[in-house]
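Good morning, everyone, and thank you for making room for this on the agenda. I would like to walk you through one structure slowly, residue by residue, and then turn to some of its helices.

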Amino acid sequence: MNATIERRLLPPPLKPGDTIGIFAPAGPVNDGGQNAAAGLGLLREAGFKTRLQTGLTERRRGYLAGDDRERVAELHDLWRDPEVKALLALRGGYGCLRLLNLLDWELLAEQRKLLIGFSDLTILHTAFQRRTDLITLHGPMLNTLVTSDRDTLHNFFQALGGNWPAIVRPAGLEILRFGRARGPLIGGNLTCLSHLPGSGWEPLLDGAILLLEDVGEAPYRLDRALTHLALAGWLERVAAIILGEFADCGAVEEVWQRALELTAGANIPIWANFPAGHGRRNLTLPLGAMATLDSGERTLSWDR
């Protein structure tokens with residue numbers, strides 16, 4: 001696949017009884033496995049089977065959930081398993097960047113499965129957009145399902161079943177700069193994205209709607225990441241920016257103001273306080289899908 005695909009495909013929706021594969025491409029479990037066990041329970045209560053390697057929740061190699069080849073082999077095995085219809089990340093952390101040159105992109109492009117996660121999974125979402133024609137899902141992971149609010153869980157299971165709301169009208173939305181834009185939704189975690197310029201794995205930016213969120217970063221670090229993206233020419237190529245949650249990042253208004261300053265010349269629409277990120281509100285969003293952002297209506301809608 002080349003990077004010019006304009007019409008992406010959403011993999012088949014899940015049905016009750018389908019199997020979801022759990023994989024750990026980044027960090028290890030950091031809470032003794034309690035949240036993972038609760039997440040497995042929620043998936044099974046919803047009627048899904050789950051598949052994960054024995055000892056996955058105890059696997060650890062420093063700050064990684066196993067060595068690089070072990071984590072890649074796990075992803076490949078689940079992707080080629082015909083019974084597994086979706087892959088849900090155990091958690092984020094760090095590690096996906098180390099896998100990009102080890103992945104079998106021919107295998108990943110030839111079978112259509114849902115890939116679900118956020119945070120460090122931003123790296124895999126971006127790579128899938130470059131190397132396949134698949135829409136992937138930015139949404140809760142196994143470890144965060146139990147801490148998600150009711151609307152987030154409802155939206156997550158709707159998305160797995162293909163029951164997408166045609167229009168999202170998020171409560172609490174802050175419109176920093178009005179406007180309307182249409183383009184593919186891309187992005188995810190700001191810190192992860194800020195390490196991609198010059199790597200050859202940059203997202204497909206032109207005319208896109210860029211989602212950004214983060215957690216536990218000081219305002220100056222977020223400023224540095226945004227400024228880096230601006231210097232790399234990213235912010236002048238996108239059609240709009242959606243700022244999600246910046247959890248435990250200090251005064252979020254500083255992030256909002258910096259985004260406005262860096263895009264003053266482009267004058268693109270910017271939304272803030274969108275329910276996506278590391279908090280309890282984390283709507284499942286189809287990355288790579290064509291979206292329309294309408295500030296007047298305060299809606300984000302999707303092409304079917």
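Let me begin with G188, which sits in strand β8, the strand that covers residues 180-189. Is G188 buried or exposed? With a relative accessible area of 0%, G188 is buried. If we leave aside its neighbours within four places in sequence, G188 is in contact with T122, H138, L193, L211, L212 and E213. For a sense of distance, the C-alpha atoms of G188 and A230 are separated by 16 Å, and these two residues are 42 residues apart along the chain.

Before I go further, I should say that what you see is a predicted model. The mean pLDDT of the chain is 95, and 98% of its residues reach 70 or more. There is a stretch to treat with care, however, since pLDDT stays under 50 over residues 1-5. For those residues the model has ten contacts beyond four places in sequence.

One of the contacts of G188 was T122, and T122 takes us to helix α4, which runs over residues 122-131. How many of the ten residues of this helix are buried? Eight of them are, so helix α4 is largely enclosed by the rest of the structure. The buried residues are T122, I123, L124, H125, T126, A127, F128 and Q129.

Following the chain onward from there, we come to T132, which is found in the loop between α4 and β5, the latter being residues 136-138. T132 is buried as well, with a relative accessible area of 0%. Measuring from C-alpha to C-alpha in the model, T132 and R112 are 9.6 Å apart in space, while in sequence they are 20 residues apart.

Let me now move to helix α2 and the loop that follows. R80 is found in helix α2, and with a relative accessible area of 42% this arginine is partly exposed. Its contacts, leaving aside neighbours within four places in sequence, are L107, Q111 and K113. The C-alpha atoms of R80 and I167 are separated by 34 Å, and the two residues are 87 residues apart along the chain.

D81 lies in the loop between α2, residues 68-80, and β3, residues 84-89. At 17% relative accessibility, D81 counts as buried, because the cut-off for that word is under 20%. Which residues does D81 touch, not counting residues up to four places away in sequence? The answer is R51 and K113, and K113 is also on the list of contacts that I gave for R80.

I would like to spend a little longer on a pair of helices, α7 and α8. Helix α7 covers residues 219-231 and helix α8 covers residues 252-262, and the two pack at an angle of about 20°, with their axes 10 Å apart. The two helices are therefore roughly parallel to each other, and their crossing is right-handed. On the α7 side, the residues that meet α8 are P219, L222, D223, L226, T227 and A230. On the α8 side, they are E254, V255, R258, A259 and L262. Sorted by class, this contact has seven nonpolar, one polar and three charged residues.

Helix α7 also holds R224, and at 51% relative accessibility R224 counts as exposed. The C-alpha atoms of R224 and E74 are separated by 35 Å, and these residues are 150 residues apart along the chain.

Finally, I want to point out two residues for their backbone angles. Phi of N273 is near 60°, which is a positive value in a residue other than glycine. N273 is found in the loop between β11, residues 270-272, and β12, residues 285-287, and with a relative accessible area of 28% this asparagine is partly exposed. Phi of R298 is likewise near 60°, again a positive value in a residue other than glycine. R298 lies in the loop between β13, residues 290-294, and β14, residues 299-302, and its relative accessible area of 35% makes R298 partly exposed.

That is where I will stop, and I am glad to go back to any of these places on the screen.

Terms used
Residues are numbered from 1 along each chain as its sequence is written. This is a predicted model: local features need pLDDT of at least 70, side-chain atom pairs count only at pLDDT 80 or more; totals for chains, interfaces and linings use all residues. Side-chain values use heavy atoms; hydrogens and water are left out. Axes are lines fitted to C-alpha atoms, for helices over the stretch in contact, and angles run from 0 to 180 degrees between N-to-C directions. Helices (H or I, at least four residues) and strands (E, at least two) are DSSP runs, numbered from the N terminus. Angles under 35 degrees count as roughly parallel, over 145 as roughly antiparallel, 65 to 115 as roughly perpendicular and the rest as oblique. A crossing is left-handed if the near helix is turned anticlockwise from the far one by less than a right angle, and right-handed if clockwise. Contact means heavy atoms within 4.5 Å. Ala, Val, Leu, Ile, Met, Phe, Trp, Tyr, Cys and Pro count as nonpolar, Asp, Glu, Lys and Arg as charged, and the others, Gly among them, as polar. Buried means under 20% relative accessible area, exposed over 50%, partly exposed in between (1.4 Å probe, protein chains only). pLDDT is the predictor's confidence in each residue, from 0 to 100.
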